[in-house]
Amino acid sequence: MRAVLMAGGSGTRLRPLTCDFPKPMVPILNRPIAEHIINLLKRHQINEVIATLYYLPDVFRDYFGDGSDFGVQMTYAVEEDQPLGTAGCVKNIADFLDRTFLVISGDSITDFDLTAAIEFHKRKKSKATLILTRVPNPIEFGVVITDEDYRIRRFLEKPSTSEIFSDTVNTGTYILEPSVLDYLPTNQECDFSKDLFPRLLESDEPMYGYIAQGYWCDVGHLEAYRESQYDGLQRKVKLDYAYEEQSPNLWVGQNTFIDPSAKISTPCLIGDNCRIGARVQIEAGTVIGDNVTISADANLKRPIIWNGATIGEEVNLRACVIARGTRVDRRAQVLEGAVVGSLSTVGEEALISPGVRVWPSKQIESGATLNINLIWGHTAQRNLFGQRGVQGLANIDITPEFAVKLGAAYGSTLKPGSQVTVSRDQRSMSRMVTRSLIAGLMSVGVNIQNLDATALPMARTVVSKLSVAGGIHVRLHPDRPDSILIEFIDRKGINISKSKEKKIEGSYFKEDLRRVQIHEIGNVTYPIQMIDTYCTAFEKNLNVEAIRHSNSKVIIDYTYSVSGAILPQLLAKFGCDAVVLNASLKPSAVSPVEKEQLLTQLGQVVEVLKASFGVQVSANGEQLILVDESGMPIRGELLTALMVNTILTAHPRGTVVVPIHASSAVEQIARRHDGKVTVLPSFW
């Protein structure tokens with residue numbers, strides 16, 4: 001059987017370790033991740049390997065060559081012009097895959113029983129078998145659900161806590177029949193999990209999930225990288241060690257000298273040609289590469305030190321990563337979670353604080369204290385995008401300089417001269433961040449349609465009407481009053497895709513920022529008649545005459561947010577008898593306690609005025625809580641059920657799409673109306 005080794009990843013989240021190394025070549029216990037994968041394939045009699053490469057391909061090819069030194073036959077497929085995605089690069093070599101083949105990620109550590117998985121695939125007569133595993137927290141992975149026969153029925157990409165319906169996740173290892181590649185286009189970017197597997201599911205092709213036992217770690221970020229090393233030392237995963245085991249749990253390479261006064265706790269791994277000086281203390285969990293010098297009285301507490309590093313006297317290293325060829329001088333300290341990129345120098349008595357990352361070839365002056373990431377002369381951030389856009393502490397994580405760079409990174413993914421809308425809530429912090437984003441966008445030649453303080457629904461609608469490339473909305477985080485949330489929307493007014501997020505992150509972390517000439521700098525304009533545009537679009541979705549003749553009295557609480565500047569005009573236009581509460585703008589955030597107090601107040605007003613109902617609109621204008629005629633709030637699952645009932649009453653035998661975590665009550669309502677409820681899946 002042939003295996004396709006996916007080795008083209010650039011490993012953005014592992015930077016600075018991957019600035020000059022492709023992700024599959026990052027060492028685990030002094031061997032590249034890809035070498036551990038090749039050893040796994042050999043253990044299961046898979047000796048023909050096709051490696052798909054994109055980022056720094058020569059590093060991979062120079063190391064593995066034709067594969068003969070590693071006991072396999074290695075060939076390569078290099079994506080020259082642009083990445084084709086996980087499935088696209090395999091489609092590109094379809095001519096070499098004329099029988100059942102295995103696809104395996106080159107950036108994870110595992111000891112799965114591939115032989116058993118292949119037997120399962122053949123026994124089930126499967127077209128595509130996904131090797132799955134159980135994890136305690138599946139939020140960061142693609143969740144897969146199978147029936148009792150292990151046939152795959154549903155996928156969900158990176159679910160939120162409320163959406164988790166299974167703990168079985170996709171490990172990125174697949175056993176495939178060549179015929180499944182017919183579902184993919186040629187020379188186009190496509191992905192297994194976003195493109196191929198959904199199509200197979202839709203076509204009812206036999207697709208199964210094999211739940212593997214054993215160890216699996218997706219080395220996707222720096223914490224996972226360190227943990228995989230420690231797990232390897234503790235034998236939690238079956239790996240082939242690069243050196244002989246000199247004593248229990250102590251692996252030492254050839255031609256290495258260890259001073260008799262040095263104290264070493266196990267498990268520990270030390271490479272070839274190392275020099276360990278007098279009175280050095282090495283604690284359990286330490287990994288030392290080849291050709292490393294550790295000077296006298298150094299104290300090593302679980303660091304990972306790459307080849308060729310030099311550690312000075314009395315240096316203190318704590319659970320950090322020191323990359324290739326780096327020098328750490330006398331009495332310097334590198335603390336927990338810090339990473340120093342290759343060929344850097346840390347001066348005498350310098351201190352690198354916990355979690356700080358230093359990009360390659362940097363110099364930390366003697367006595368300096370580094371509390372921020374050092375990258376091309378600027379500070380660097382962690383992963384940009386979370387579940388809902390980019391978020392962080394106001395004026396700590398989300399600073400003006402961060403926002404300028406983020407705006408430039410987003411603009412660099414667009415064509416010069418593109419149009420982008422920018423909007424915000426009424427908070428002063430949001431105003432500051434928005435202006436910084438605008439500066440970054442202008443610097444890369446993007447023109448701005450500035451919507452100023454605007455509710456998010458209005459921003460979404462206007463984007464689709466102005467024929468712009470997309471939009472950015474800045475607001476206070478709905479759940480954290482000390483944080484800012486920056487949301488990116490596409491030309492249709494919906495949140496941008498994960499692939500677009502990755503492109504922005506790539507532009508940001510790689511400093512791949514376009515710089516235009518003075519005459520190309522973007523302009524800022526202020527669209528007019530936005531409210532009329534929004535009202536017209538809103539009105540198309542309403543039975544206006546029914547509203548005008550309903551004789552309803554509605555009490556609306558705007559909670560001092562920007563939505564209050566729009567809805568009163570809509571209500572007046574539709575002839576609603578409405579009482580408006582708290583429609584003025586308030587610069588400070590309404591706390592959860594205050595919001596509940598306002599909801600109680602709303603219920604009292606509804607009851608006293610004998611109104612038909614009340615509604616409390618959220619700050620962003622996209623969520624609401626209803627209050628019935630007796631003053632009782634209707635929210636959450638009850639509100640979802642009520643909306644489903646309303647829709648199916650108006651459209652019997654219709655179909656309603658609900659979130660995957662919706663209550664089963666909606667199904668009962670649908671049956672009562674002869675309707676249908678479709679759970680909205682999310683493919684990763």
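Which residues does Met632 touch, not counting residues up to four places away in sequence? Keep that one in mind, everyone, and I'll come back to it once we have walked through the sheet around it. One reminder before we start: what you see above is a predicted model.

Let's take the sheet, then. It is an open one, built of five strands in the order β44-β43-β45-β46-β47, and its pairing is mixed. At the edges sit β44, residues 577-581, and β47, residues 633-634, each of which pairs on one side only. Helix α14, residues 592-608, packs on this sheet and touches β43 (553-557), β44, β45, β46 and β47. If you like angles, the direction of α14 makes about 160 degrees with that of β45.

Now let me stay with β45 for a moment. How many of its five residues are buried? Four of them are, so the strand is mostly covered. On one pairing, β45 runs parallel to β43, and four bridges join the two. You can find Val554 standing opposite Phe613 of β45 there. On another pairing, β45 (residues 613-617) runs antiparallel to β46 (residues 624-627), again with four bridges between them. Look for Gly614, which stands opposite Val627 in β46. The hairpin of β45 and β46 has six residues between the strands, and Gly621 takes a positive phi near 80 degrees in that hairpin.

That brings us back to the opening question. Met632 lies in the loop between β46 and β47. Once residues up to four places away in sequence are set aside, Met632 touches Leu626 and Val627. Val627 is the residue we just saw opposite Gly614. As for Met632 and Gly614, they are 18 residues apart in sequence, and their C-alpha atoms are 9.5 Å apart in space.

Next stop, helix α8. This helix covers residues 428-443, 16 residues, and spans 23 Å from its first C-alpha to its last, close to the 22 Å expected at 1.5 Å a residue. Its buried residues are Met429, Ser430, Val433, Thr434, Ser436, Leu437, Ile438, Gly440 and Leu441. As you read that list, remember that residues three or four places apart in an α-helix point the same way, because there are 3.6 residues a turn. What covers those buried residues? The cover includes helix α7 (400-412) and the strands β38 (419-424), β39 (447-453), β40 (470-476), β41 (483-490) and β42 (524-525). Just after α8, Gly445 takes a positive phi of about 85 degrees.

Two of those covering strands also share a salt bridge. The side chains of Asp452 and Arg424 meet at 3.9 Å, N to O. Asp452 is in β39 and Arg424 in β38, so this pair ties together parts that are 28 residues apart in sequence. Are the two partners buried or exposed? Arg424 is buried, with a relative accessible area of 9%, whereas Asp452 counts as partly exposed at 32%. There is also a salt bridge between the side chains of Asp425 and Arg427, at 4.0 Å, N to O. Both Asp425 and Arg427 are buried.

While we are on charges, how many salt bridges does a search of the whole structure find? It finds 24. One of my favourites joins the side chains of Glu48 and Arg2, at 2.9 Å, N to O. That pair links distant parts of the chain, with Glu48 in strand β4 (residues 48-53) and Arg2 in strand β1 (residues 2-6), 46 residues apart. Glu48 is partly exposed at 25% relative accessible area, and Arg2 counts as partly exposed at 23%. Arg2 and Glu48 also belong to a network of salt bridges with Asp98 and Arg99.

Last residue of the day: Thr110, found in strand β7 (residues 108-110). Why does Thr110 count as buried? Because its relative accessibility is 6%, and the cut-off for buried is under 20%. Its side chain has polar company, too. The side chain of Thr110 reaches the backbone nitrogen of Phe112 at 3.2 Å, and the backbone oxygen of Tyr215 lies 2.7 Å from a polar atom of that side chain. Leaving aside neighbours within four places in sequence, Thr110 is in contact with Ile37, Leu40, Tyr215, Trp216 and Val237.

That's my tour, and thanks for listening!

How values were computed: Residues are numbered from 1 along each chain as its sequence is written. This is a predicted model: local features need pLDDT of at least 70, side-chain atom pairs count only at pLDDT 80 or more; totals for chains, interfaces and linings use all residues. Side-chain values use heavy atoms; hydrogens and water are left out. The expected span of a helix is 1.5 Å times one less than its number of residues. Buried means under 20% relative accessible area, exposed over 50%, partly exposed in between (1.4 Å probe, protein chains only). Contact means heavy atoms within 4.5 Å. Two strands pair if DSSP finds at least two bridges between them. Axes are lines fitted to C-alpha atoms, for helices over the stretch in contact, and angles run from 0 to 180 degrees between N-to-C directions. A polar contact is a pair of N or O atoms within 3.5 Å; within protein, one must be able to donate a hydrogen and the other to accept it, and residues adjacent in sequence count only if both atoms are side-chain atoms.
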